Amino acid sequence: MKAAADKLVQSGLFTKVSYNFQTKVAGVLVIYHVEESPRIPVYFDNIPWFSDLALSDAIRAKFPFFDGTLPEAGPRWMRPLRP
């Protein structure tokens, strides 16, 4: 459960992720509580070989959640390390 929560934060889509769980007869009920990261619109500039629609479709094919915006800070793995 912790690994899944960490993966959600690392995606950059969420700034906060927490979870709670309850043991049930049929298994375990897990509920994740998420806070979305601020998002900014995506603009494609100086890529004359492809239309904006073609680029958006290609991104959406790999990342179905793509809606024309991206997390303001980007995924955590792309952020610079702070000293």
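Student: Let's start with leucine 70. Where is leucine 70 found?

Tutor: Leucine 70 is in strand β4, residues 69-71. Keep in mind that this is a predicted model.

Student: Why does leucine 70 count as partly exposed?

Tutor: Its relative accessibility is 41%. Buried means under 20% and exposed means over 50%, so leucine 70, at 41%, lands in between and counts as partly exposed.

Student: What does leucine 70 touch, not counting residues up to four places away in sequence?

Tutor: Leucine 70 touches Pro38, Arg39, Ile40 and Val42 on that count. With valine 42 there's a C-alpha separation too: 6.6 Å, for two residues 28 apart along the chain.

Student: Now serine 56. Why does serine 56 count as buried or exposed?

Tutor: Buried, because its relative accessibility is 14% and the cut-off for buried is under 20%. Serine 56 is found in helix α2, and touches Phe44 and Phe66, leaving out residues up to four places away in sequence.

Student: And asparagine 46, how do you know whether that one is buried or exposed?

Tutor: Asparagine 46 has a relative accessible area of 67%. Exposed means over 50%, so asparagine 46 is exposed. Asparagine 46 is found in the loop between β3 (39-41) and α2 (52-62).

Student: What about the phi of asparagine 46?

Tutor: That phi is near 65 degrees, a positive value in a residue other than glycine. For background, most residues other than glycine have a negative phi.

Student: Which residues make up the largest nonpolar core?

Tutor: Ala5, Val9, Leu13, Phe14 and Val17, 5 residues in all. The elements giving two or more residues to this core are α1 (2-10) and β1 (14-24).

Student: What makes that set a nonpolar core?

Tutor: A set earns the name because its members are buried residues of the listed nonpolar types, joined through side-chain atoms within 4.5 Å. In soluble globular proteins, nonpolar side chains tend to be buried together.

Student: Which residues make the nonpolar surface patch?

Tutor: Met1, Phe21, Val28, Tyr32 and Val34 make a patch of about 450 Å². Strand β2 (residues 27-36) gives the largest share, 3 residues.

Student: Tyrosine 32 is in strand β2. Why is tyrosine 32 called partly exposed?

Tutor: Tyrosine 32 has a relative accessible area of 31%. Partly exposed covers what lies between the 20% and 50% cut-offs, so the label fits tyrosine 32. Patch residues need over 30% relative accessible area, and tyrosine 32, at 31%, is over that cut-off.

Conventions:
Residues numbered from 1 in each chain as written. Predicted model: local features only at pLDDT ≥ 70, side-chain atom pairs only at ≥ 80, totals over all residues. Heavy atoms only, no water. Helix = DSSP H or I, 4+ residues; strand = E, 2+ residues; numbered from the N terminus. Buried < 20%, exposed > 50% of the residue type's maximum accessible area, 1.4 Å probe, protein only. Contact = heavy atoms within 4.5 Å. Patch = residues over 30% accessible without salt bridge, like charges linked within 9 Å, V, L, I, M, F, W, Y side chains within 5 Å. Areas by Shrake-Rupley, 256 points an atom, 1.4 Å probe, with all protein chains shown as cover. Salt bridge = Lys/Arg side-chain N within 4 Å of Asp/Glu carboxyl O.
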